[in-house]
Amino acid sequence: MSHSVTQINGTWDCANFIGNEFVVAQSGKTFENRSPVDHRLIGQVSEAGQPEVEAAVRAARAALEGPWGKLDIAKRSELLYAVGDEINRRFDDFLQAEVADTGKPVSLASHLDIPRGAANFRIFADVVKNVPSEFFSMSTPDGAGAINYALRVPKGVIAVICPWNLPLLLMTWKVGPALACGNAVIVKPSEETPSTATLLGEVMKKVGVPAGVYNVVHGFGPGSAGEYLTRHPGVNAITFTGETATGSAIMKAAAEGVRGVSFELGGKNAGVVFADCDFQAAIEGIGRAVFANCGQVCLGTERVYVERPIFDRFVTALKAKAESLKPGRPEATGTGIGPLISREHQRKVLSYYQKAKDEGAHVVAGGGVPSMPGELADGAWIEPTIWTGLPETSAVIREEIFGPCCHIAPFDTEEEAVRLANDTAYGLATTVWTTNLTRAHRVAARIEVGICWINSWFLRDLRTPFGGSKQSGIGREGGVHSLEFYTELRNVCIKL
Ligand code: NAD
């Protein structure tokens, strides 16, 4: 049996993609892919075991030693442009698959997930063509001298381990530069969102990417495809986006064989709103940072600090924003918020909603599960939620929840705001709202994060460095920075 993401009786079944073929695991093991909207069965996913991971590594090695390894940069870039074009041509298929897996509103996926998925191939195809390497000439005792130049060579086989919140976008953010740099990849998508990675296999094959360059193995983490892949000695480097605790487990696996890692991990991001902000813009911006994608964005804000003079007004306005977000089917007009990814994640988020109550929070908005009609009642719905009044030591303020919720606390001085923002083990992103330009620069330089937005949120120029400080990550990806992980410099020294 061989199938990819095929529609069979209204369900989507996902096979592994190895050596340009769709492959069902030898073990015959499958797991269910269920809709977060109404818990209906979307399809079965073939769970890769050790034989499939082994086959994927073999296919990737063969590609590097075969036609892919011999392709020049111009040809590789052309192929990646073709991948981006083909994703756009099949835009509706990708959109349907992504929305089915995540339940996110079509309005969001059609503006963010799918276009960015295609753009990630084009941007990195351009980057690799335009980055020079270095050259040094040196003198030698015999007077003839020597020259040095650096060649950029691919790392080899890259394992790409992805989360479920922005499946296509975050996966292509790694696959795009990895392939542009001449590597071969083995992708392990999240077990929650297997479809778009599988569909991308069809695209790769269609546009003529050689067999073994792009492979997909499905499954879970420990005792499944994720662990088998990251432990495999034939994998040269691992790029991972997901929880910090998972990053730690993967780092242990990578230690065997001293293999490189690039990590984009969790966050507990602060939003800082000064009294001199453009108030409406700040409400819009923080509203997106807290509630977009049902709060399941690593860059999202779960701690908001507001300067005291505008605190009450801000809380009232954000409450109105939260209450204006209507849950509904992804394709329905007027849907402002989708469900969480799964019932399991819903349980986790609700446990924090309970903790907040137990610790004496004032629940400004939400705090529970909305009542949904008909079959939607089986979905992983959650209310957008705002709290005030908790101490900074509360688990709700210290731990990443990954839901559409935030705690809002007042501050009195810039010094205090910076201290509060930095008082976390994480360091991914922050969003600061002020019209005082001098203050903006001053604060941005002091907040310990990989990305600091001023008067904006999730505004991304893909040429800029992206990553986290402290426990939010290791390394930077984006633009030329991706080359640091996906290539190695080989110095050639020639005695003249
Ligand atoms: P997760 O860590 O649970 O899973 C991510 C991936 O790792 C999945 O594919 C999973 O199957 C795999 N995995 C789990 N255990 C593994 C193991 N031992 N070995 C190998 N693979 C393993 O994360 P998630 O719940 O899918 O995603 C949400 C998390 O991702 C949040 O913490 C969020 O902040 C983070 N995230 C970070 C960024 C960023 O750019 N920093 C972006 C998006 C999401």
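Ala, Val, Leu, Ile, Met, Phe, Trp, Tyr, Cys and Pro count here as nonpolar, Asp, Glu, Lys and Arg as charged, and the others, Gly among them, as polar. By that scheme the shell around the ligand in this predicted model divides into 15 nonpolar, nine polar and six charged residues.

The shell can also be read by position in the chain. Domain 1 (6–265 + 472–495) and domain 2 (269–461) each contribute at least three residues to the shell around the ligand. At the level of secondary structure, at least two shell residues come from each of helix H9 (225–231), strand S12 (237–241) and helix H10 (244–255). Of the elements that contribute, H9 gives the most, with three residues.

The ligand occupies the largest pocket. There are 30 residues around the ligand, and those that come nearest are Lys-188, Glu-191, Thr-246, Leu-265 and Glu-400.

Glu-400 also appears among the polar contacts: an N or O atom in the side chain of Glu-400 is 2.5 Å from an oxygen atom of the ligand. Trp-164 places a polar side-chain atom 2.9 Å from a ligand oxygen atom. For Cys-162 the backbone is involved, with an N or O atom there lying 2.7 Å from an oxygen atom of the ligand. As for burial, the ligand on its own has 850 Å² of accessible area, and the protein covers 91% of this.

Methods: Residues are numbered from 1 along each chain as its sequence is written. This is a predicted model: local features need pLDDT of at least 70, side-chain atom pairs count only at pLDDT 80 or more; totals for chains, interfaces and linings use all residues. Side-chain values use heavy atoms; hydrogens and water are left out. A residue is near a molecule or strand if one of its heavy atoms lies within 4 Å of it. A polar contact is a pair of N or O atoms within 3.5 Å; within protein, one must be able to donate a hydrogen and the other to accept it, and residues adjacent in sequence count only if both atoms are side-chain atoms. Accessible areas come from the Shrake-Rupley method with a 1.4 Å probe; for residues, only the protein chains shown count as cover. On a 1 Å grid over the protein atoms alone, a cavity is a set of points where a 1.4 Å probe fits but cannot get out, and a pocket is an open set with protein on both sides within 12 Å along at least five of seven lines; lining residues have an atom within 4 Å of a point. A molecule sits in a cavity or pocket if more than half of its atoms lie within 2 Å of its grid points. Helices (H or I, at least four residues) and strands (E, at least two) are DSSP runs, numbered from the N terminus. Domain bounds come from an automatic or database domain assignment.
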